[in-house]
Amino acid sequence: MGNQLESLHQIALEAGKAIMALYHTQVEVTEKDDRSPVTAADLAANTIIMEKLALLTPDIPIVSEESAQTPWSERKDWRAFWLVDPLDGTKEYLRKNGEFTVNIALIENGRPVLAVVHAPALEISWLGNGSQAWSVTNDEWSPIKTEAAQIPVIVGSRSHPSPLLADYLAQFPLYKMKEAGSSLKFCLVAEGKAQFYPRLGPTMMWDTAAGQCIAESAGGQVKTLDGVPLSYHREDLLNPFFVVSYL
């Protein structure tokens, strides 16, 4: 699995280079059916990831935000598949604040078991194999773990604030708030820089799988509001609300 994780990292790095090649240009933006933005950078990264994953694991199907979706009638029989968001945080990319990521996760029996989250503008990656997680800069792998804090840091979305957040925060007598874009929020919890990430707004499967794997590999948990681990063996690509925590 170690070699596969390293291969995954290399694919994400290559996708990140394609994204950064367009970063300082006038990026053309089009709208998808759901009104979300898509750019040439999303599509360039997607092409690289789809091709490289097909070479790495020819027998494992791929679900990507930027590719045609396979119907549930086929997906329901998959024991394993790749779940990809080639550019998570397109709005952050267009704002040029650096808070966007490449997300690739391997799902087995509904659970993310291997993943990379790569932030090309920040030149850092996070990797997880289900039991251990690392941050990687300049090819240096540093193990990371979730941590408790006397005054918890609660991380929220920079581009998607939720009116339900106030109700969630009422349970904490003291807390600090932090904002971040894309799947970086999962990685903040995984590194112990935040303790909670409540997601009380819409996300899709590909937005969360890689980040969930990193957080869980670092000792954290990702559960729905019903207290059930967020699973990926389901028809609906839209996620239920969930909370990432250090526990």
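Visitor: Does E191 count as buried or exposed?
Guide: This is a predicted model, so keep that in mind as we go. E191 sits in the loop between α6 (184-190) and β12 (196-199). The cut-off for burial is under 20% relative accessible area. E191 comes in at 16%, so it counts as buried.

Visitor: Which residues does E191 touch, leaving out those up to four places away in sequence?
Guide: Remember that E191 is a loop residue, placed between α6 and β12. With the residues up to four places away set aside, E191 touches W126, S135, I144 and K145.

Visitor: And E147, which loop is that in, and what is its relative accessibility?
Guide: E147 belongs to the loop between β9 (140-144) and β10 (153-157). Partly exposed covers the range between the under 20% of buried and the over 50% of exposed. E147 falls in that range, so it counts as partly exposed, at 45%.

Visitor: Which residues is E147 in contact with once its neighbours within four places in sequence are left aside?
Guide: For a sense of place, the C-alpha atoms of E147 and A40 are 38 Å apart, with the two positions 107 residues apart along the chain. Leaving aside the neighbours within four places, E147 is in contact with G192, Q195 and Y246.

Visitor: How many disulfides does the structure hold?
Guide: A pair of cysteine sulfurs has to be within 2.5 Å to qualify. The sulfur of C213 is the nearest cysteine sulfur to that of C187, and it is 11 Å away, leaving C187 in no disulfide. C213 is in no disulfide either, its nearest cysteine sulfur being that of C187. The count for the structure is zero.

Visitor: Are C187 and C213 buried or exposed?
Guide: C187 has a relative accessibility of 1%, so C187 counts as buried. C213 also has 1%, so C213 counts as buried.

Visitor: Which residue in the loop between β6 and β7 has a positive phi although it is not a glycine, and what is the phi?
Guide: Most residues other than glycine have a negative phi, so a positive one is worth a look. The residue is E123, in the loop between β6 (111-119) and β7 (124-128). E123 is exposed, with a relative accessible area of 60%. The phi of E123 is about 55 degrees.

Visitor: What about S182: is that residue buried or exposed?
Guide: S182 also shows a positive phi, near 50 degrees, and is not a glycine. Its loop runs between β11 (176-180) and α6. The relative accessible area of S182 is 11%, so S182 is buried.

Visitor: What is the relative accessible area of F100?
Guide: F100 is placed in the loop between α4 (90-95) and β5 (101-108). Its C-alpha atom is 15 Å from that of E14, which is 86 residues away along the chain. F100 is buried, with a relative accessible area of 0%.

Visitor: Zooming out, what is the radius of gyration of the protein?
Guide: The protein has seven helices and 14 strands. The globule rule gives 18 Å for 247 residues, and the value here is close to that, so the protein is as compact as a globular protein of that length. The C-alpha atoms fill a box of roughly 50 × 40 × 40 Å along the principal axes. The radius of gyration is 17 Å.

Visitor: How far apart are the centres of the positive and negative side chains?
Guide: The protein has 20 positive side chains and 30 negative ones. The centres of those two sets are separated by 5 Å.

How values were computed:
Residues are numbered from 1 along each chain as its sequence is written. This is a predicted model: local features need pLDDT of at least 70, side-chain atom pairs count only at pLDDT 80 or more; totals for chains, interfaces and linings use all residues. Side-chain values use heavy atoms; hydrogens and water are left out. Buried means under 20% relative accessible area, exposed over 50%, partly exposed in between (1.4 Å probe, protein chains only). Helices (H or I, at least four residues) and strands (E, at least two) are DSSP runs, numbered from the N terminus. Contact means heavy atoms within 4.5 Å. The radius of gyration is taken over C-alpha atoms; the globule rule is 2.2 Å times the number of residues to the power 0.38. Lys and Arg count as positive and Asp and Glu as negative; His and the chain ends are not counted. The place of a charge is taken as NZ of Lys, CZ of Arg, CG of Asp or CD of Glu.
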